[in-house]
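Me: I am new to reading protein models. Please take one part of this one and look at it closely with me, then show me what surrounds it.

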Amino acid sequence: ACETCREFYPLVKKMLAENPDKIRLSVRLVAFHKGSDFVVKALEASKAQGKFWPVLERLLASQSRWAIQHTIRPELVWEQLQPLGLNLDQLKADMESTPVARNMALDAQDARALKVTQTPEYFVNGRGLPSFGYQQLQGLVGEAIGHAYR
């Protein structure tokens, strides 16, 4: 539900494409925005159907349709997920499952341990950004690649 996450994702995806086999993206989902726990549950549950990345990309691309005035509208989220070939009944059941709850708790625990209080936040080999921005992220990634491939 984070607008900055939506804006930043294409930049990160481009960085990944420009550095195949050199960098890896690990995503932690934490519900900082009011009502976003619903979306986090849907994303976590989509993993059971092998659809995490398509669901993530669809939700980010359509965010303005289901997050209206910073309010999550679950019924509008379902509309966005229908074309992805998900078993929505299974997804709804999985959203309330123990594995989803456990993954959400672990991601929240990671956020607390790293002192993350808002999204997006990026770490490169355990180092946080000195200040938020794409150039700062590029700099850390470039430095890490440089050290790894000397």
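The part I would like to look at is the largest pocket. Which residues are the closest to its centre, and which elements give two or more residues to its lining?

Reply: Keep in mind that this is a predicted model. We start with the pocket, then walk through some of the parts around it.

The largest pocket holds about 1300 Å³ of space. Its lining has 46 residues, and the closest to the centre are L25, S26, V27, E121 and Y122. Seek those five in the structure. Then look outward to the elements that give two or more residues to the lining: helix 1, helix 2 (37–46), helix 3, helix 4 (63–66), helix 7 (98–113), strand 3 (123–124) and helix 8. What is the lining made of? It divides into 32 nonpolar, eight polar and six charged residues.

Take helix 1 next. It runs over residues 3–18, which makes 16 residues. From its first C-alpha to its last, helix 1 reaches 24 Å. That is close to the 22 Å expected at 1.5 Å a residue. Now follow the axis of helix 1. It bends by about 30 degrees at Y9. A proline, P10, follows within four residues. Y9 is also buried, and so are F8, V12 and M15. What covers the buried residues of helix 1? The cover includes helix 3 (52–61) and helix 8 (134–148). Both of these helices also appear among the elements that give two or more residues to the lining of the pocket.

Step back to the start of the chain. A1 sits in the segment before helix 1. A1 counts as partly exposed because its relative accessibility is 31%, and that class lies between the cut-offs of 20% and 50%. Its C-alpha is 5.9 Å from that of S36, although the two residues are 35 apart in sequence. Leaving out residues up to four places away in sequence, A1 touches H33, S36, Q63, W66 and I72.

One of those contacts leads to helix 4, where W66 lies. Is W66 buried or exposed? W66 counts as buried because its relative accessibility is 1%, and the cut-off for buried is under 20%. The C-alpha atoms of W66 and A1 are 8.9 Å apart, with their positions 65 residues apart along the chain. W66 has other contacts too, once its neighbours within four places in sequence are set aside. They include V39, L59, T71, I72, R73, L76, V77 and Q80.

V39 takes us to helix 2, another element of the pocket lining. How many of its ten residues are buried? Eight are, and helix 2 is mostly covered. The buried ones are F38, V39, V40, A42, L43, E44, A45 and S46. They pack against helix 3, helix 4, strand 2 (71–72), helix 5 (74–81), helix 6 (88–95) and helix 7.

Helix 7 also holds P99. P99 counts as partly exposed because its relative accessibility is 41%. Its C-alpha is 35 Å from that of G142, and the two are 43 residues apart along the chain.

Now the loops. P120 lies in the loop between helix 7 and strand 3. Look at the peptide bond from T119 to P120: it is cis, with omega near -10 degrees. Why stop there? Because most peptide bonds are trans, and most residues other than glycine have a negative phi.

The second half of that rule sends us to two more loops. N125 lies in the loop between strand 3 and strand 4 (127–128). Its phi is near 50 degrees, a positive value in a residue other than glycine. N125 counts as exposed because its relative accessible area is 70%, and the cut-off for exposed is over 50%. Q69 is found in the loop between strand 1 (67–68) and strand 2. Phi of Q69 is near 50 degrees, again positive in a residue other than glycine. Q69 is exposed, with a relative accessible area of 72%.

End with the loop between helix 5 and helix 6, where N87 lies. N87 is partly exposed, with a relative accessible area of 42%. From N87 to H33 the distance is 26 Å, C-alpha to C-alpha, and they are 54 residues apart in sequence.

Notes: Residues are numbered from 1 along each chain as its sequence is written. This is a predicted model: local features need pLDDT of at least 70, side-chain atom pairs count only at pLDDT 80 or more; totals for chains, interfaces and linings use all residues. Side-chain values use heavy atoms; hydrogens and water are left out. The expected span of a helix is 1.5 Å times one less than its number of residues. The bend at a residue is the angle between axes fitted to the seven residues ending there and the seven starting there. Buried means under 20% relative accessible area, exposed over 50%, partly exposed in between (1.4 Å probe, protein chains only). Contact means heavy atoms within 4.5 Å. On a 1 Å grid over the protein atoms alone, a cavity is a set of points where a 1.4 Å probe fits but cannot get out, and a pocket is an open set with protein on both sides within 12 Å along at least five of seven lines; lining residues have an atom within 4 Å of a point. Grid points are joined across faces, edges and corners, and a volume is the space filled by probe spheres set on the points. Ala, Val, Leu, Ile, Met, Phe, Trp, Tyr, Cys and Pro count as nonpolar, Asp, Glu, Lys and Arg as charged, and the others, Gly among them, as polar.
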